[in-house]
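Hello,

Here is the structure I said I would pass on. Please look through it first, then read the notes below it.

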Amino acid sequence: MPKKVLFLTLKTFSLTGGVEKVCRVLTRTLYDLSVKDLVTTKAFSMYDKTSDRDAKYILKEQFKGFKGNRIGFSLAAISEGVRSNIVILSHINLLFIALLIKRISPKTKIILFVHGIEVWREIKNWKGDFLRKDCEIWAVSSYTASQMIERHQVHADRIKIVHNCLDPFLEIPMDFSKPGELLDRYGLKRSAPVLFTLTRLSSSELYKGYDLVIETIPELVKKFPAIRYLIAGKADSVEKTRLKKLIKDNHLEEHVTLLGFVPEEELSEHFLLSDVFVMPSRKEGFGIVFIEAAACGCKTIAGNQDGSVDALLNGKLGTLVSPIDKDAIYKAIVANLELDRTPETSLRIQALCINNFSYNAYYVKIKELICE
């Protein structure tokens, strides 16, 4: 008899962040398992609308959004959860609902996805007790798993490493040429070295490292006069003002461009445009964007102090540097730019990425954890 699985999320389809990408891929995995009659599944989202659902990932009858109605979401989640074999939580902020489900239905298995900074901080005592006694944890990286052990005394036996994977609908390129439309849009010559960062630009999350990259550009210009650094992602007003000032103070208006939001359907083309994807973050839970870049054959640079290490396969898939050492970041950029970007090098990067982070491998992992 198929297991009944309930997946509870905060947002799945109405945002494009890393956690939301994890949620979308898991809904697709649960759908694929349901097609093979291995599970029956439902997914409830607290803040999405039901109409936000993307039909590629889950059936209409399997998904419900509650439009921010937290009481309605909680009541529905508890009602469905006590009748389920497994309840999977996308975020630790949903743990109270799991506590109530477990009180009513002790046999229901609770699984919590842990990503990064949301669990790298102090948590309430009852949450710690629940994690240590009544919950299986899926950590997206070895670093996040280590934080659960060190900070919250969760026994290692309760933690499974479930690396994020490539979205099954990500466009995987076969031609690694720089897209002409983007070259024209940004006024770039095909020979110009291009650095690229894609992330949320938030004044409350100053750990992504793009500001340090900006500070390396004056020196990089001496070596690569035509270099361009493209920074993509939504920015709040405070951070946008700070970055514009940093660019102006360093006289980099001709070399650094804030692109704003880049739609999902253009991501692959932006990675193809780039010679190096660089984001020396200090607090990355995993960094799906690194494997998206690598899947497009793009060289990558990441920090060596967080979950980025897992995404870059301990340095096999890209360059790991100290995210607080500007000189190390500069040297890593120079080293990557001085290596010729050829179809052969791009293909090797792409193949290594797909071999390690394919959706098919992820599906098998989730199947084993849920069904066996």
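Which element gives the largest share of the lining of the largest cavity? It is α1, with three residues. Please keep in mind that this is a predicted model.

**The cavity**

A search of the whole structure finds one cavity of 30 Å³ or more. The space in the largest cavity comes to about 60 Å³. Its lining is made up of Lys 21, Val 22, Val 25, Asn 164, Cys 165, Asp 167, Ile 288, Glu 292 and Tyr 362. Two elements, α1 and α10, give two or more residues to this lining. As for how such spaces are found, rolling a probe the size of a water molecule over the atoms shows where empty space is left.

**The pocket**

The largest pocket holds about 1,200 Å³ of space. It has 42 lining residues, and those nearest its centre are Gly 17, Gly 18, Val 19, Glu 20 and Arg 200. Here too, α1 (18-35) and α10 each supply at least two residues of the lining. The most comes from α1, which gives five residues to the lining of the largest pocket.

**Helix α10**

Helix α10 covers residues 288-295, and eight of its eight residues are buried, so the helix is largely enclosed by the rest of the structure. To count as buried, a residue must have under 20% relative accessible area. The buried residues of α10 are Ile 288, Val 289, Phe 290, Ile 291, Glu 292, Ala 293, Ala 294 and Ala 295. Two of these names, Ile 288 and Glu 292, appear in the lining of the largest cavity as well. After α10 comes Gly 297, which has a positive phi, near 80°.

**The sheet of seven strands**

Strands of a sheet pair through backbone hydrogen bonds, either parallel or antiparallel. One open sheet here has seven strands in the order β3-β2-β1-β4-β5-β6-β7, and its pairing is parallel. At its edges are β3 (63-65) and β7 (159-161), each of which pairs on one side only. From one strand to the next, the twist averages 20°. Within this sheet, strand β1 (residues 3-9) runs parallel to strand β2 (residues 39-45), and seven bridges join them. In this pair, Lys 3 of β1 stands opposite Val 39 in β2. Helix α5 packs on the sheet, where it touches β5 (109-114), β6 (136-139) and β7. The direction of α5 makes about 165° with that of β7.

**Gln 147 in α5**

Is Gln 147 buried or exposed? Its relative accessibility is 6%, so Gln 147 counts as buried. This residue lies in helix α5, which spans residues 142-152. The side chain of Gln 147 makes a polar contact with the side chain of Arg 151, at 2.4 Å. Leaving aside residues up to four places away in sequence, Gln 147 touches Trp 120 and His 152.

**The sheet of six strands**

Another open sheet has six strands, ordered β10-β9-β8-β11-β12-β13, with parallel pairing. Its edge strands, β10 (256-260) and β13 (319-321), each have a single partner strand, so one side of each is left without a neighbour in the sheet. Neighbouring strands of this sheet are turned against each other by 25° on average, direction ignored. Strand β12 (residues 299-303) pairs with β13 in the parallel sense over three bridges. In that pair, Ile 301 stands opposite Thr 319 in β13. Helix α12 (residues 326-338) packs on this sheet and touches β8 (194-198), β11 (276-279), β12 and β13. Its direction makes about 165° with that of β13.

**Two residues with positive phi**

Most residues other than glycine have a negative phi, and most peptide bonds are trans. Asp 37 is not a glycine, yet its phi is positive, about 60°. It is found in the loop between α1 and β2. With a relative accessible area of 59%, Asp 37 is exposed. Leu 313 also has a positive phi, near 50°. Where is Leu 313 found? It is in the loop between α11 (308-311) and β13. Unlike the exposed Asp 37, Leu 313 counts as buried, at 15% relative accessibility.

Regards

Conventions: Residues numbered from 1 in each chain as written. Predicted model: local features only at pLDDT ≥ 70, side-chain atom pairs only at ≥ 80, totals over all residues. Heavy atoms only, no water. Buried < 20%, exposed > 50% of the residue type's maximum accessible area, 1.4 Å probe, protein only. Helix = DSSP H or I, 4+ residues; strand = E, 2+ residues; numbered from the N terminus. Pairing = 2+ DSSP bridges. Axes fitted to C-alpha atoms, helices over the stretch in contact; angles between N-to-C directions. Contact = heavy atoms within 4.5 Å. Polar contact = N/O pair within 3.5 Å; in protein donor to acceptor, adjacent residues only side chain to side chain. 1 Å grid on protein atoms, 1.4 Å probe; cavity = no way out; pocket = protein on both sides within 12 Å on 5 of 7 lines; lining within 4 Å. Points joined across faces, edges and corners; volume = space filled by probe spheres on them.
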